[in-house]
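Here's a quick look at how one strand sits in its sheet, followed by a few words on the nonpolar cores. Have the model open as you read.

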Amino acid sequence: MNRWKSFRYKALFFIMLTFFIMALILFFERSGIHYTQPAKQVNYLPTSKVIQSSAAVKKAPVTCLVLTDSTEPDCRVAEPQIKRVLLDMKVGYRTVDLSKQTLPALGAYQTVVVLTENISSFGTQQNVFKNWISAGGHALFVLPIQKEEGVDNFFGELGITSATAKNEVVSGFYAAKGFMAGGNKEYKFSDPFKSARKMKLTRNVKTYAWTDKSQKFPLVWENKYGKGQVVVDNIGIVEKVNRGIYAASYSLLGAVGVYPVINGSAFYLDDFPSPVPNGDGKYVKRDYHMNIADFYSKVWWPDLLKLSARHGVRFTGVIIENYGNQTNGKVTTTQDTSRFRYFGNMLLHADGELGFHGYNHQPLNTGEVSYKGQHLPYKLWKNTQAMKNSIEQLETFSNNVFPETRKSVYVPPSNILSAKGRKMLGKDKEIRTIASVYFPGDAGYSQEFGVSKDGIVNQPRIISGALFDKYNKLAAFSELNMHYVNTHFMHPDDLLDVDRGAKLGWNKLKNNLASYMEWLFTAAPGIRNLTGSELSGAIERYSAAVVTKKEVTATEVKLELGNLYDESYLMVRLNEGGKPQGVEGGTLRHVTGDLYLLRATSRNVTINLRR
């Protein structure tokens with residue numbers, strides 16, 4: 001007789017076995033046993049191969065002339081933004097101030113960017129410039145041309161028939177389908193004002209953008225003039241938040257527009273893992289009838305894992321060891337690591353990454369950054385050594401809890417970082433990336449995408465939270481077209497702060513985040529889901545990359561890449577039509593309209609075209 005068949009407690013045995021297996025899995029998950037960090041998609045470059053964008057562009061040919069007028073206030077505001085756009089597009093340029101210098105010989109330049117808003121700035125050389133365009137030149141007018149008494153307003157060359165006498169409000173930006181990644185949608189300006197003249201255009205112009213879907217107020221258009229071309233930006237708002245619009249406009253010049261991009265998306269979870277944060281769990285209790293700790297483990301984190309799996313997002317969590325306010329340099333090790341191991345290992349097993357945030361949540365600041373009038377609940381560190389002690393303790397703690405993972409990304413608490421703190425981090429052996437914020441404001445440490453002289457990668461986070469206001473939406477859209485990049489961060493305690501949407505409830509915020517991810521991966525075909533350190537590797541490659549158009553014909557585009565390590569990504573706009581039918585030295589992916597994402601794997605790339 002089979003004893004197993006007659007065993008009276010078979011059902012109980014299977015139940016016990018199931019619980020044992022679940023306990024074993026949970027034990028491994030919490031302890032980190034057997035976790036091995038997978039190979040990176042994109043690694044940091046060897047130190048000898050890292051090149052700053054400014055150094056890379058210095059070796060590029062000077063093909064663009066930027067015309068300014070330092071007597072014009074709007075020109076002075078626009079100039080640094082447009083110069084940064086050209087630098088990031090790796091365009092070699094020369095600047096001439098028309099209030100101090102005469103127009104140089106234009107034959108040496110392929111493009112001219114006009115920052116003056118008054119045609120009178122050209123003086124007697126207006127016809128010289130007009131004739132250069134007519135003979136085949138390509139010009140971008142960045143600022144709306146203003147009305148001047150007794151001055152030829154250049155309307156015919158710009159494709160304008162008439163305009164309002166005064167500026168009117170530019171409420172938003174609506175890109176025509178096929179013009180920009182994420183286009184065919186309205187993006188509102190946060191603080192619109194009377195910044196541009198309402199224009200009526202000639203029939204032969206090609207309009208790319210308007211203030212809204214009604215298409216009554218044109219913002220970006222192209223006019224053929226003789227053998228040449230003029231692109232006009234009639235927006236009058238030249239800020240960091242809309243650099244991508246000006247990059248897209250510049251790429252319309254000539255038969256082919258091409259410039260390096262980062263091609264990467266990273267989502268950060270600040271203060272994660274960490275102790276249970278302080279805060280009012282009023283709305284968590286209202287909606288879920290549980291305390292904060294249970295809500296994070298049973299609702300919030302499982303929901304994020306589902307979003308991660310749906311879109312391939314690989315979260316980068318940055319560790320806070322404690323929420324104390326010790327700033328005298330004395331540190332103690334957190335003994336209870338169970339919460340850190342539980343969430344941290346789940347994040348790692350979901351193909352995420354861990355980085356550093358803080359020993360506590362006190363920004364690295366000994367007093368250089370002022371907190372006065374900003375209602376920030378932070379203390380100052382005693383001195384540089386005290387700050388250093390805190391970072392070393394954070395690294396020791398993190399490496400003890402997660403010994404099999406390399407951590408290299410540092411996110412400043414509340415995105416605040418003093419000059420002394422920044423200098424200290426540059427000497428740290430483990431930290432290779434600082435990920436703060438893109439936009440300046442309050443006490444925040446703002447950055448540009450690139451590499452610093454000390455080798456630290458600057459990886460600013462562009463948008464945050466799950467409210468996605470007008471500013472965030474415009475910024476995300478703009479940066480897809482400037483760098484083909486997304487960087488987003490959120491905190492677990494967003495659900496505890498009314499200003500960050502707590503009253504709306506997690507279900508609403510979760511749906512907002514899901515909608516944003518859906519928009520992002522639809523608007524940006526081929527964008528890579530990367531962790532923080534992988535995105536830094538992509539930034540290093542982008543920083544070094546330069547591109548030269550060696551030959552452009554009706555049947556092929558020949559490009560030459562400079563400083564290519566293993567791969568570079570570029571945006572390619574085919575302005576005179578033609579469909580790619582093959583690529584030598586890389587691969588091409590369609591983004592929208594005549595816009596393509598090129599992955600170059602060889603120094604010489606040829607795009608074959610079909611007319």
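## A strand pair

This is a predicted model, and a good place to start is β14, which pairs with strand β26 (residues 568-574) in the antiparallel sense over 6 bridges. If you want one spot to zoom in on, take Val-256: its bridge partner in β26 is Leu-574.

## The sheet around it

Zoom out a little and the pair turns out to belong to an open sheet of 4 strands, running in the order β14-β26-β29-β28 with antiparallel pairing. The edges are taken by β14 (256-261) and β28 (586-592); each has a single partner strand, so one side of each has no neighbour in the sheet. On average, neighbouring strands here are turned by 25° against each other, ignoring direction.

As for what holds such an arrangement together, strands of a sheet pair through backbone hydrogen bonds.

## An edge strand under cover

So is β14 buried or exposed? It is mostly covered, with 6 of its 6 residues buried. That goes for both faces: Val-256, Val-258 and Pro-260 are buried on one side, and Gly-257, Tyr-259 and Val-261 are buried on the other.

## The nonpolar cores

Now for the packing elsewhere. The largest nonpolar core has 133 residues, and the ones touching the most other members are Phe-173, Val-220, Ile-235 and Trp-300. Helix α13 (residues 506-523) is the top contributor to this core, giving 9 residues.

There's also a second, separate core of 26 residues, with Val-112, Val-114, Ile-119 and Trp-132 among them.

How values were computed:
Residues numbered from 1 in each chain as written. Predicted model: local features only at pLDDT ≥ 70, side-chain atom pairs only at ≥ 80, totals over all residues. Heavy atoms only, no water. Pairing = 2+ DSSP bridges. Helix = DSSP H or I, 4+ residues; strand = E, 2+ residues; numbered from the N terminus. Axes fitted to C-alpha atoms, helices over the stretch in contact; angles between N-to-C directions. Core = buried A, V, L, I, M, F, W, Y, C linked by side-chain atoms within 4.5 Å. Buried < 20%, exposed > 50% of the residue type's maximum accessible area, 1.4 Å probe, protein only.
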